[in-house]
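Biologist: Could you walk me through this one? I'd like to see the chain before we start.

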Amino acid sequence: LAENPERARVIYINAPRMERRRRGLLRKDAELLGRFVRAAVPRPRDRAYYDRALLALVAGIVEIMIDWVSRGMTDPPDALVDHLTAYSVSILQGLR
């Protein structure tokens with residue numbers, strides 16, 4: 001993204017203009033993430049909670065990326081990755 005700021009803006013800033021599509025993609029991404037984490041959480045106790053937590057995680061990551069892109073991607077990418085990883089782990093641990 002840092003190498004192509006215009007692409008980053010299209011992905012994370014202009015996407016809200018296509019709100020219905022964006023929200024559909026968030027749900028699909030949450031479903032995909034759910035398939036990846038099934039090994040750690042094979043049978044969720046509360047399916048609605050599980051689905052909502054994954055959607056919140058994906059949407060949260062997208063909002064953080066929008067913020068980062070909007071501010072010119074000036075924060076170090078390594079710090080961003082560390083923060084997103086910690087955020088993701090904390091949400092996923094709540095799914096157990």
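What follows is a short back-and-forth on the helices, the cores and the charged pairs.

Modeller: Before you ask: this is a predicted model, where local features need pLDDT of at least 70, side-chain atom pairs count only at pLDDT 80 or more, and totals for chains, interfaces and linings use all residues. Residues are numbered from 1 along each chain as its sequence is written, and side-chain values use heavy atoms, with hydrogens and water left out.

Biologist: How far apart are the end C-alpha atoms of α3?

Modeller: Helices here are DSSP runs of H or I, at least four residues, numbered from the N terminus. The expected span is 1.5 Å times one less than the number of residues, so the 24 residues of α3 should span 34 Å. The model agrees: the end C-alpha atoms of α3 are 34 Å apart.

Biologist: Which residue caps the N-terminal end of α3?

Modeller: Look for a side-chain oxygen that lies 3.1 Å from the backbone nitrogen of Ala 48. That oxygen belongs to Asp 46.

Biologist: Is Val 62 buried or exposed?

Modeller: Val 62 sits in helix α3. Buried means under 20% relative accessible area, exposed over 50%, and partly exposed in between, using a 1.4 Å probe and protein chains only. Val 62 comes out at 17%, so the label is buried.

Biologist: Which element gives the most residues to the largest nonpolar core?

Modeller: A nonpolar core is a set of buried Ala, Val, Leu, Ile, Met, Phe, Trp, Tyr and Cys residues joined through side-chain atoms within 4.5 Å. The largest one has 13 residues, and Leu 33, Val 37 and Tyr 50 are among those with the most contacts inside it. The elements giving two or more residues to this core are α2 (19-37) and α3. With 7 residues, the top contributor is α3.

Biologist: Why are the buried residues of α4 on the same side?

Modeller: The buried residues of α4 are Leu 80, Leu 84 and Ser 88. The arc is taken from the directions from the helix axis to the C-beta atoms. They sit on the same side of α4 because that arc is only 60 degrees.

Biologist: Which residues does Ser 88 contact, leaving aside neighbours within four places in sequence?

Modeller: Ser 88 is in helix α4 and is buried, with a relative accessible area of 14%. Contact means heavy atoms within 4.5 Å. By that rule, the partners of Ser 88 are Leu 57 and Ile 61.

Biologist: Where is Met 73?

Modeller: Met 73 is buried at 14% relative accessible area, and its phi is near 55 degrees, a positive value in a residue other than glycine. A second, separate core of 7 residues includes Met 73, along with Ala 8, Val 69 and Leu 80. Its place is in the loop between α3 (47-70) and α4 (77-93).

Biologist: Which residues are linked in a network of salt bridges?

Modeller: A salt bridge is a side-chain nitrogen of Lys or Arg within 4 Å of a carboxyl oxygen of Asp or Glu. Arg 71 meets Asp 67 at 3.0 Å, N to O, and also forms a bridge with Asp 75, where the closest N and O atoms are 2.8 Å apart. The network links Asp 67, Arg 71 and Asp 75.

Biologist: How many salt bridges does a search of the whole structure find?

Modeller: Besides that network, the side chains of Arg 47 and Asp 51 meet at 3.2 Å, N to O. Both lie in helix α3, 4 residues apart, about one turn of the helix. The search finds 3.

How values were computed. Polar contact = N/O pair within 3.5 Å; in protein donor to acceptor, adjacent residues only side chain to side chain.
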